[in-house]
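Got your viewer ready? Load the model, switch to cartoon view, and follow along.

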Amino acid sequence: MPRKIAIAIDGSEQSAHAFNWAADNVVKPDDTIVFIHGREDPVANLIAYSGMSGGVVGSPELFQNVEAHSISASKTMVEKYTHVAENRKLTHIEIEGKGDPKDIIVEAVKECNADLLVIGSRGLGAIKRAFVGSVSSHCVHHCHCPVLVVRND
């Protein structure tokens, strides 16, 4: 029976390792890979950080350029994964969202009715994890399907 294997991708080494590990060890020929990419809003981050320094600094053109660069980088990264999937003759689709990657991934897994989510582990230390949170931990606790966290040790 064909399955939908969701794989969270973000351009990191850990993400690439998780994809390759899943392709080698989990994905069967009749499965469909669902690449999920949650792209943070760079303009919102820029505004938040500049607000912390006393005010928003930047022109509308700067914000447009930042957004355009983010979209371009995201597209290039997703294309790399789809190219590898095509070379491996794996059926795949892509889902991309803009916002908090944790929320994008959980929503996309639900939307596509995935049978499994595969996600890499960044191995954040306890202090950093407390401040920024762990995407993989969030997914483990909020996804409706099993979540496989692939470590890159």
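We'll begin with the whole chain, then move to a strand pair and a helix pair.

Keep in mind that this is a predicted model. Colour by secondary structure and you should find six helices and five strands. Trace the chain along the sequence and the order reads β-α-β-α-α-β-α-β-α-α-β.

Now bring up a surface. About 9000 Å² is exposed, with carbon and sulfur atoms supplying 55% of that. Of the 153 residues, 38% are buried. If you draw a contact map, look away from the diagonal: among contacts with a separation of 6 or more, 79% join residues 24 or more positions apart.

Next, select residues 4-8, which form strand S1. Is S1 largely enclosed or not? Four of its five residues are buried, so the rest of the structure largely encloses S1. Add residues 32-39, strand S2: the two strands pair in the parallel sense over five bridges. To pick out one link, click Ala 6, whose bridge partner in S2 is Val 34.

Last stop: select residues 101-112 (helix H4) and 135-142 (helix H6). How do their axes meet? They come within 9 Å and cross at roughly 35 degrees, and the crossing is right-handed. Show side chains for Lys 102, Asp 103, Ile 105 and Val 106 on H4, plus Val 135, His 138, Cys 139 and His 142 on H6; these make the contact. Colour that set by residue class and you get four nonpolar, two polar and two charged.

How values were computed: Residues numbered from 1 in each chain as written. Predicted model: local features only at pLDDT ≥ 70, side-chain atom pairs only at ≥ 80, totals over all residues. Heavy atoms only, no water. Buried < 20%, exposed > 50% of the residue type's maximum accessible area, 1.4 Å probe, protein only. Contact = heavy atoms within 4.5 Å. Areas by Shrake-Rupley, 256 points an atom, 1.4 Å probe, with all protein chains shown as cover. Axes fitted to C-alpha atoms, helices over the stretch in contact; angles between N-to-C directions. Left-handed = near helix turned anticlockwise from the far one by under 90°. Nonpolar A, V, L, I, M, F, W, Y, C, P; charged D, E, K, R; others polar. Pairing = 2+ DSSP bridges.
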